Amino acid sequence: MFEEMKRFLRHSFIYTVGNILNRGAAFILLPLYTHYLSPSDFGILSLLYVTTYVVRVLLSMGISHATLRFYFEFDREEDRKQVISTCLFASFLFGVLGIVLLFPFLGLASEALFHSAVYVRLFQITFLTLLLEIMIEVAQAFIRAKEYSALYVAVSVLQLLAKVAFNIFTVVILKKGVEGILWGNMASVALIGMALVPITLRYSGFHFDVPKLKAVLRYSFPLVPGFLLGMVTATTDRFFLTRYSSLSVVGLYSLALNFAVLISV
């Protein structure tokens, strides 16, 4: 019992460090953002992110949470491999299907949020990044299931350094503004995906077990409304500010929220 508690505390501490590192890039890059972006630019970036968060809940279907749940449902290693592989491919397929269905409506989304269709390209970059992130969630669940906490921190450090480096390149050197930040984020997420997905597939192999997928969806789908409600509650303020104020106000408000998140972390 004592050894299990020690292991639990050790891994919890390491995962906490990893989570802090994951959020660290947002704060390290704040001086860069405030220097090269106007408050309205920061507002545009914030609205793109909160829209993505809401869509992410719908497309991910809670599969990453179910991955951990069903990994430990089985004792046979072969069954566990099938759970990981099935969830990884399912998250990719649902993500691709969702993105394909959403792309024709990005012009309407741009008009609704920004009263202009010129931001469609930004939505496209953001949603393609989202597709990569959904797959990485399952790979991260695999790492947690195997208790590879040191690998989790190593990946977090790599993501932190990559995000900072790519954003400096796209924003400072290429001077791409908001679009540069989105491209930098996509590049850092793609780099992490290229590291984690092969590691996951090397363990799990290529399997797609329909009965296991049905069990995963029966478990995860009822969680989606709760996740969605929580996400909408947490992000609605930005949409109200956009409607009744300005993008500059949204940008300043979002900047302040970043510091509030720092305290909670």
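This passage describes the nonpolar core, one pocket and several individual residues of a predicted model.

The largest nonpolar core of the model comprises 33 residues, and Leu48 and Val178 are those with the most contacts inside it. Two or more residues are given to this core by each of helix H2 (30-36), H3, H6, H7, H8, H9 and helix H12 (247-264). The largest share, eight residues, is supplied by H3. In soluble globular proteins, nonpolar side chains tend to be buried together. When neighbours within four places in sequence are left aside, valine 178 is in contact with Leu37, Asp41, Ile44, Leu45, Leu48 and Leu122. The contacts of valine 178 thus include Leu48, the residue named with Val178 as having the most contacts inside the core.

Empty space in the model was also examined. Rolling a probe the size of a water molecule over the atoms shows where empty space is left. The second largest pocket holds about 170 Å³ of space. Its lining consists of 13 residues, and Val55, Leu58, Gly98, Leu102 and Phe127 lie nearest the centre of the pocket. Helix H3 (39-60), helix H5 (77-102), helix H6 (106-114) and helix H7 (120-145) are the elements that give two or more residues to this lining. By residue class, the lining of the second largest pocket contains eleven nonpolar and two polar residues, and no charged residue.

Helix H3 also carries two serines of interest. Serine 46, found in helix H3, has a relative accessible area of 7% and is therefore buried, since the limit for burial is under 20%. The side chain of serine 46 is joined to that of serine 254 by a polar contact of 2.6 Å. Apart from neighbours within four places in sequence, serine 46 is in contact with Arg238, Val250 and Ser254.

One of these partners, arginine 238, is placed in helix H11 (residues 224-244). Although arginine belongs to the charged class, arginine 238 is buried, with a relative accessible area of 10%. The side chain of arginine 238 makes a polar contact of 2.7 Å with the side chain of aspartate 237. Beyond neighbours within four places in sequence, the residues in contact with arginine 238 are Ser46, Leu47, Val50, Val250, Tyr253, Ser254 and Leu257. Val250 and Ser254 are thus found among the contacts of serine 46 and also among those of arginine 238.

The second serine, serine 60, likewise lies in helix H3 and counts as buried at 11% relative accessibility. Its side chain reaches the backbone oxygen of arginine 56 at 2.8 Å. With neighbours within four places in sequence left aside, serine 60 is in contact with Ile134 and Glu137. Serine 60 and valine 138 are 78 residues apart along the chain, and their C-alpha atoms are separated by 9.6 Å.

Two loop residues have a positive phi without being glycine. Methionine 61, in the loop between H3 and helix H4 (63-71), has a phi near 60°. Lysine 175, in the loop between helix H8 (149-173) and helix H9 (177-204), has a phi of about 55°. The accessibilities of the two residues place them in opposite classes: methionine 61 is buried, with a relative accessible area of 17%, whereas lysine 175 is exposed, with a value of 61%.

Methods. Residues numbered from 1 in each chain as written. Predicted model: local features only at pLDDT ≥ 70, side-chain atom pairs only at ≥ 80, totals over all residues. Heavy atoms only, no water. 1 Å grid on protein atoms, 1.4 Å probe; cavity = no way out; pocket = protein on both sides within 12 Å on 5 of 7 lines; lining within 4 Å. Points joined across faces, edges and corners; volume = space filled by probe spheres on them. Helix = DSSP H or I, 4+ residues; strand = E, 2+ residues; numbered from the N terminus. Buried < 20%, exposed > 50% of the residue type's maximum accessible area, 1.4 Å probe, protein only. Polar contact = N/O pair within 3.5 Å; in protein donor to acceptor, adjacent residues only side chain to side chain. Contact = heavy atoms within 4.5 Å. Core = buried A, V, L, I, M, F, W, Y, C linked by side-chain atoms within 4.5 Å.
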